[in-house]
Amino acid sequence: MIFSRGVYIVLFSFIFFTTKAQQWSASFEQLGSKLPTPNTYRTGSGAPGEAYWQQKVDYKIKVSIDDEKQVLTGTETITYHNNSPDVLTYLWVQLDQNVRKEGNIKDVTNITGIAPKMSTKNIVQELGAYDYDGGFKIGEIETTAGENLDYFINRTMMRINLPTPLKPGENFEFKMSWSYNLYDRMIINGRGGYEYFPEDKNYAYTVAQWYPRLCVYDDYEGWQNKQFIGDGEFALEFGDFDVEITVPADHIVSATGELQNATQVLSAEQQKRWTLAKKTFDKPVIIASQEEAEAREKNKSSETKSWHFKAQNVRDFAFATSRKYIWEAQAVKLPPNTVMAMSVYPKEANPLWANEATKAVKNALEVYSSRTFDYPYPVAIAVNAANQGMEYPMICFNGSRPNKNGKYSQRHVSDLVDVVVHEVGHNYFPMIVNTDERMYGWMDEGLNTFLELETKRERYPTLDTIWGSPKSMTVYHIRFDQWLDAPMTNPDITNFSDYSDYGQASAAMNVLRNVIMGKELFDMAFKTYANLWKFKRPKPADFFRVMEDASATDLDWFWKGWFFKTTPVDVAIENVKWYRLRDDNFQPKQKYGILPKYFSLTETPDIFYWDFLSRVDDEKIKADFKGKNFYDITFKNVGGLVSPLVLQFTFDDNTTASETIPAEIWRYSESEVTKVFYFNKVLKSVQLDPFDKTGDINTRNNVFKLN
Ligand SMILES: [Zn+2]
């Protein structure tokens, strides 16, 4: 299209007239090279490409727990399926327990200091001075034919050199044996381990990162090479698991997958209750009661039993075992599946858990499924474990217990709902939408915190629904601004922070849904992302691209501001000028603090018509604007992050009107803009972001009162 020169003059004068000093900090520049170039594995639309592939790893494991010495011993057969187009000459295996080996990188690089007063527990944790022999003790590593494999251990990873190169489409099967000392979570922070109950001298084991498991090999960076140093979580391949867990005969075992040998490990009565639970949709059915658990606590069995579980298409396997466990289950319809929602807990968690836990599992499954995809697994289990919140496929470990006398308050309920909904929610992100937690914590924690908040808004409206909202990020900017890291920073650097990995991305999803895109469009795009990438491995660019592609919304400016930077939203209403037409004969009331200025409407001079012979109707336009109140409002971007303007106007008859201006209003100038609004009524005040939807960290400059 070609413009005549006259149009340029008018356009320029328009821009000059309506903006102040040009400020350009590239907020609206496209992400461009910040995102990887699309290819046949990952497309420009954010969908998996036609050549997308991922490896598959199947595990057949036998594991036993020594309840006297708290030692875990296992053997496994791993089948590695090379679905990549590449020939592999070695495999990398994750040895996560080595993060607690003597001299490990986590403790050696921990920043420490002496405080005037330190608790004994504190100094031991600070200095890593545990009386604990940690780390994997590796036994045989051999082919299924019994030939030893050549390997090298680099801290938390082990390279296995393949006897012959593994070609695309080929499988490699090998065996390993190992053991390690389980650790006391009361003193050593970690995601698995045990809790000791001194009153009845029993243990509850929550077992995780417990078997040597394959590192990810993908199209993005080949073998995962970021060591486990404690904060950054896990990157894993999908596969099928067949696991036999040998424990004291009076233990209740809860695990990823479906129990295969109920007739061998459950009593006839328990099996009957399980059959009933599968048909009971309105409340949990107790499979193992508190009374029975208390009897088991006292009469400790010296026999053992093996519980056999199978799980298909999962990226990990975890389990919990104790003679203290109470177990309840309820069926939940999630068409086309019926899922068993379950809770497993010691008596110390009652009656809070009996009243709330399975309900929370069910609520999470229903709300998350409605926003993503139908939950595909047969079970979802919440296990109670002191001071914990950790997720695995189908099973999660959750803190929150009532007071010692069993009494509990709304705060206890809130804590339970927070942790159970969150950890069950992790089934969707990252257990099914399989993101790399070590590199991008926000992709599971942030999106999950967002859906946790949505679940609470839908199912628990009386509980606190602040965390994860835009408003909840204010305190980080006010108190810790210089220490914040952008969500795109990896979790070992952010220290897995509430801001970077959890809150900021959740707040961003809220702003997108409630201000920028609207609920319908956002939900459609978010669902598209979840469905495109379920059982696959998306990267940040894939998420960013799908959200734009599925909604016809260019959000590059938004991702840059909310995910690549820590600049906050703080928009101020700098000034409001009131105008009326000069020939209005308007009589301002005495009470008005600010009086109108006057301006005139002239007839359009011929020069502005260029070649057009037709003319606008000057008199009609003048008549249309007669009697109107014009407000020339100046907005200042104090915080730096460009933001939509959510405005509420209050008139002198106390009626209100709202308007949302997209963030693109800042595209000419990112520091200050003016815009004219006009009304029949006289404006009393104007307020920015009255319902805390945009994340504006300073609301003191959000209101401008005219009278
Ligand atoms: Zn989480």
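## An enclosed strand

Let's start with strand E13, which covers residues 239-248. Seven of its 10 residues are buried, so this strand is largely enclosed by the rest of the structure. Here, buried means under 20% relative accessible area, exposed means over 50%, and partly exposed lies in between, using a 1.4 Å probe and protein chains only. Strands (E, at least two residues) and helices (H or I, at least four residues) are DSSP runs numbered from the N terminus. The model is predicted: local features need pLDDT of at least 70, side-chain atom pairs count only at pLDDT 80 or more, and totals for chains, interfaces and linings use all residues. Residues are numbered from 1 along each chain as its sequence is written, and side-chain values use heavy atoms, with hydrogens and water left out.

Who are the partners of E13? Two strands pair if DSSP finds at least two bridges between them. Strand E1 (residues 56-66) pairs with E13 in the parallel sense over six bridges, and Ser64 has Thr246 in E13 as its bridge partner. E13 also runs antiparallel to strand E17 (residues 304-314), with nine bridges joining them. Look for Val247, which stands opposite Lys305 in E17.

## Strand E18 and its partners

Now find strand E18, residues 319-322. Phe319 and Thr321 point one way from E18, Ala320 and Ser322 point the other way, and all are buried.

Strand E9 (residues 202-207) pairs with E18 in the antiparallel sense over four bridges; Thr206 has Ala320 as its bridge partner. Strand E14 (residues 252-255) also pairs with E18 in the antiparallel sense, over four bridges. In that pairing, Ile252 is matched with Ser322.

## Two open sheets

One open sheet has four strands in the order E5-E6-E3-E10, with antiparallel pairing. Its edge strands, E5 (150-154) and E10 (213-214), each pair on one side only. Strand E3 (residues 88-94) is joined to E10 by two bridges, and Val93 stands opposite Leu214 in E10.

A further open sheet, also of four strands with antiparallel pairing, has the order E28-E27-E30-E31. Here the edge strands are E28 (656-661) and E31 (703-705), each pairing on one side only. Within this sheet, strands E27 (residues 645-651) and E30 (residues 683-688) share five bridges, and Phe651 stands opposite Leu683 in E30.

## The zinc site

Which atoms hold the zinc ion? The zinc ion is coordinated by NE2 of His422, NE2 of His426 and two OE donors of Glu445, at 1.9 to 2.7 Å. Donors are N, O and S atoms within 2.8 Å of the metal (3.2 Å for Na, K and Ca); water is not among the atoms, so sites may look incomplete. Along the chain, the donors follow the spacing H-x3-H-x18-E.

The angles among the four donor atoms run from 54 to 153 degrees, and the site is irregular. That label is for anything that is not tetrahedral (four donors, all angles between 85 and 135 degrees), square planar (four) or octahedral (six), the last two needing opposite donors over 155 degrees apart and all others between 65 and 115. His422 counts as buried because its relative accessibility is 8%, and His426 counts as buried because its value is 0%.
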